[in-house]
Amino acid sequence: MPNEPGVPTWNPKRSQDSQEAGMGAWARLLLVTIAVGCFCRPSHPSASNSTEFSSQCKKNLVIVRTYLPTDAMIERIHRIISEASDHEVIISVNSHTEAEILNQTESSTARGLATIKKGRLALKQLKMEFGERVYAYSDEDIMELFPDLSKSMKKFHVGRIGMASYAYYLHDEAILTTLKQYQQKKGVYKGCGLWVIEDDLEYTGNWGDLFQMYSGRADLVTTYWRDSYPLKEQFWAPYTSQRFRQRFVRNGLMVKHNEHIVYYSRKFLHRLFVELRNGAHAQSEMGTPSICSALGFTYAEIEEVSEKYYSCKQRYTRDTYSKYITDEKQAGGRFLVHPVKY
């Protein structure tokens, strides 16, 4: 895939915000790598003494986000890897720790401990299945990259699993934490652009064809884009930072999209990271498109979406999925199906 045009070169000496200038070495390196493009030599060698880069980006990176995946979800990840063979596919796993346990009652503590145990077993299975493709992160990892969270944002209490978590709703921050881990392991960020897919999304066509069709079509490629969405009507409104509300909410309105599948251009991913590092946090179905729109980046919607099959209300079982999808899939129909949680 060719390099995207118009990708800015980031220079920390010309930063637009004091917090950006105060980033640690890894954060500066990630910004350089995203902004200039994969494998490009950073303009300031102090950012890294060991990382080597070549001259151009060659492929997209695909991140599949998962947590306690079912056997069918694991099969789906294998299919994504197989069908998108000209992309690099990695798996990002939320791995809870004892520090996240919601110690409100004895029962919530017990649920938290049970959640950690199940999560560790699932992570072990994923590593056996996918090896070095698997990257696990915790809230502590996210907070290390975004240290302002503890002061500006509250964790979401997930009572049914006994956890208080940032990762539950700050998905962009989790994605960037995975990119940090990826670069620390690989020494490079290989993505011309970045695709992020959630594990309960199915596609009846070929995943590789879908990525090729929409990669680079806009800075943000997504589904169900909604302009002028009232913030006060959003469940996640209390989980927004002051800086986000000041910069990206206009007259009480913001932008919303669905995030089950998202493509980020390199230049938008770079700017998104800057804004998050500077404290503009929000649940990512609100935060990502609002930042994209307010800063003049482009967006496009994936057309392979049918309200008949793409809904947050109907949950497919193996039987109902087969009943509704198989015939149309065999006839060559290509569309996204959600949620497929069996």
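Me: How many helices and strands does the secondary structure of the protein come to?
Reply: You get 12 helices and 12 strands. Keep in mind that this is a predicted model.

Me: What share of the residues count as buried, and what makes a residue "buried"?
Reply: The cut-off is under 20% relative accessible area. Of the 342 residues of the protein, 57% count as buried.

Me: How do you know which residues are in contact, and how far apart in sequence are they?
Reply: A contact needs heavy atoms within 4.5 Å. Take the contacts with a separation of 6 or more: residues 24 or more positions apart account for 81% of them.

Me: Why is helix α11 called largely enclosed?
Reply: Just count. Helix α11 covers residues 284-294, and 9 of its 11 residues are buried, so it is largely enclosed by the rest of the structure. Among the buried ones are Ser-284, Met-286, Pro-289 and Cys-292.

Me: What covers the buried residues of α11?
Reply: The cover includes the helices α7 (171-186), α9 (242-248) and α10 (266-277), plus the strands β8, β9 and β10 (299-301).

Me: What is there at the start of α11, and what comes just after α11?
Reply: At the start, a side-chain oxygen of Gln-283 reaches to within 3.0 Å of the backbone nitrogen of Glu-285. The cut-off for a polar contact is 3.5 Å, so that pair is inside the limit. Just after the helix, Gly-296 takes a positive phi of about 80°.

Me: What makes a group of residues a "nonpolar core", and how many residues has the largest one?
Reply: The members must be buried residues of nonpolar kinds, joined through side-chain atoms within 4.5 Å. The largest such core has 51 residues, and those with the most contacts inside it include Phe-146, Tyr-169, Leu-194 and Phe-268. Apart from it lies another core, of 30 residues, with Val-93, Leu-123, Ile-197 and Ile-302 among them.

Me: Which residues does Phe-268 touch?
Reply: Leaving out residues up to four places away in sequence, Phe-268 touches Asp-219, Leu-220, Thr-288, Ile-291, Cys-292 and Phe-297. Thr-288, Ile-291 and Cys-292 are also buried residues of α11.

Me: Why is one space called a cavity and another a pocket?
Reply: In a cavity the 1.4 Å probe fits but cannot get out, whereas a pocket is open. Searching the whole structure for cavities of 30 Å³ or more finds 2. About 60 Å³ of space lies in the largest cavity, and the second largest has a volume of about 30 Å³. As for the largest pocket, about 1,200 Å³ of space lies in it.

Me: What lines the largest pocket?
Reply: There are 37 lining residues, with Tyr-168, His-171, Glu-198, Asp-200 and Lys-341 nearest the centre. By class, the lining has 14 nonpolar, 10 polar and 13 charged residues. The largest share, 4 residues, comes from β9.

Me: Which residues line the largest cavity?
Reply: The lining includes Arg-65, His-171, Glu-198, Glu-259, Tyr-264 and Ser-284. Those giving two or more residues are α7, β6 (191-198) and β9. The classes come to 4 nonpolar, 2 polar and 4 charged.

Me: What makes up the lining of the second largest cavity, by class?
Reply: That lining has 7 nonpolar, no polar and 3 charged residues. Helix α3 (71-83) gives the most, with 4 residues. Glu-198 and Trp-207 are among the lining residues.

Notes. Residues are numbered from 1 along each chain as its sequence is written. This is a predicted model: local features need pLDDT of at least 70, side-chain atom pairs count only at pLDDT 80 or more; totals for chains, interfaces and linings use all residues. Side-chain values use heavy atoms; hydrogens and water are left out. On a 1 Å grid over the protein atoms alone, a cavity is a set of points where a 1.4 Å probe fits but cannot get out, and a pocket is an open set with protein on both sides within 12 Å along at least five of seven lines; lining residues have an atom within 4 Å of a point. Grid points are joined across faces, edges and corners, and a volume is the space filled by probe spheres set on the points. Ala, Val, Leu, Ile, Met, Phe, Trp, Tyr, Cys and Pro count as nonpolar, Asp, Glu, Lys and Arg as charged, and the others, Gly among them, as polar. Buried means under 20% relative accessible area, exposed over 50%, partly exposed in between (1.4 Å probe, protein chains only). A polar contact is a pair of N or O atoms within 3.5 Å; within protein, one must be able to donate a hydrogen and the other to accept it, and residues adjacent in sequence count only if both atoms are side-chain atoms.
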